[in-house]
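Let's take a stroll through a protein fold, one piece at a time. Have the picture open while you read.

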Amino acid sequence: MGTKQYGNSGKGIMNILFFSRLFYPHIGGVEKHVLEVSKILIKKGHKVTVVTEKHDKKLKDREILDGINVYRISVKKNWLKKFQVWDWLIKNRILIKNADVIHCHDVFFWYLPFRLLLPFKKAYTTFHGYEDYPLKSSQIIMHKIAEKFSYGNICIGKFIEKWYGTKADYISYGGVNIATSDKRQATSRNSAIFVGRLDEQTGIKTYVKAVKLIRKKIPDFKFEIIGDGKFRKDIEKDFRVQGFKNDPQNYFQQYNFAFVSRYLSILEAMIVKRFVFAVYDNPLKKDYLEMTPFSKFISISNSASDLVSKISFYLKNPK
């Protein structure tokens, strides 16, 4: 996907159109991925436009963020949503017409009708993560359609090839900015931090259960939770939840261990040299973690008791 192939100025400069269901200021792995990649592309001289859902009524329908042209579509969360998206794109088809490259982040179905109408328009897909477990046949079929009609694809994780049957052109695990400092701030060794969504895919309930067990032996074990999600109210009965933060690296530096199980958070913890304890509760998530080039550098557990055992070992053997 070299820039020189599609340039409209003879110098490899592209007009790039990204489709992403959610985008900044919404916080999440895909949102941050699209934001940071867009910033780099703009520094290289390219023009970037992001089309996304309007997740908050207070947001503008259109604005420029860090040089990125952002368009937000107001949709209702029901089965009619895809038709609302298609209707918006038809009305704003000039965006597609002017784009040298279309790149869909998971939501290839947004672009599918236009891919059929414009067969020579360069369109690519990045597949991020997975929807749920067990996978539904409809989810696998949608991946295959996106793969078939894309000029190329990037899979965030090798597990996607195994579980979706996708033939990846490139495999990535995301990226993080180099830390300005990895210096450990003054903190207790008996401490850990969780960063991420409070839902099934991040293992938050396993971490919470593990901390309760740890505190029976180490009452002053400090545990910080940075994130939000559907389990928040239940978790707040026993622990304080800070909500999402934009600078997780600064928080990782304040704690000894990182309780994280998603690629972006794992990389953010590792870049400041924090030891990662990741967890899984199904075979797909097991492959998600173990089929990575960094699996041997982190601790991977499948239960709260196993996690406690490994944490206890490293507390007794810090070297």
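Start with the open sheet: eight strands, lined up in the order β3-β4-β2-β1-β5-β6-β7-β8, with mixed pairing. At the edges sit β3 (62-65) and β8 (170-172), each of which pairs on one side only. On average, neighbouring strands of this sheet are turned by 20° against each other, direction ignored. Keep in mind that this is a predicted model.

Now zoom in on one pair. Strands β1 and β5 run parallel and are joined by five bridges. Which residue of β5 stands opposite Ile16? That would be Val101.

A helix leans on this sheet too. Helix α2 packs on it and touches β1, β2 and β4. The direction of α2 makes about 130° with that of β4.

Here are the residue ranges of the pieces touching in that spot:

| Element | Residues |
|---|---|
| Helix α2 | 81-91 |
| Strand β2 | 47-53 |
| Strand β4 | 68-73 |
| Strand β1 | 15-20 |

Next, hop over to a pair of helices, α7 (residues 204-217) and α12 (residues 304-316). How do their axes meet? They come within 8 Å and cross at roughly 55°, so α7 and α12 are oblique to each other. The crossing of these two helices is right-handed.

Who makes the contact? From α7 come Thr206, Tyr207, Lys209, Ala210, Leu213 and Ile214, while α12 brings Ala304, Leu307, Val308 and Ile311. Sorted by class, the contact of α7 with α12 has eight nonpolar residues, one polar and one charged.

Conventions. Residues are numbered from 1 along each chain as its sequence is written. This is a predicted model: local features need pLDDT of at least 70, side-chain atom pairs count only at pLDDT 80 or more; totals for chains, interfaces and linings use all residues. Side-chain values use heavy atoms; hydrogens and water are left out. Two strands pair if DSSP finds at least two bridges between them. Helices (H or I, at least four residues) and strands (E, at least two) are DSSP runs, numbered from the N terminus. Axes are lines fitted to C-alpha atoms, for helices over the stretch in contact, and angles run from 0 to 180 degrees between N-to-C directions. Contact means heavy atoms within 4.5 Å. Angles under 35 degrees count as roughly parallel, over 145 as roughly antiparallel, 65 to 115 as roughly perpendicular and the rest as oblique. A crossing is left-handed if the near helix is turned anticlockwise from the far one by less than a right angle, and right-handed if clockwise. Ala, Val, Leu, Ile, Met, Phe, Trp, Tyr, Cys and Pro count as nonpolar, Asp, Glu, Lys and Arg as charged, and the others, Gly among them, as polar.
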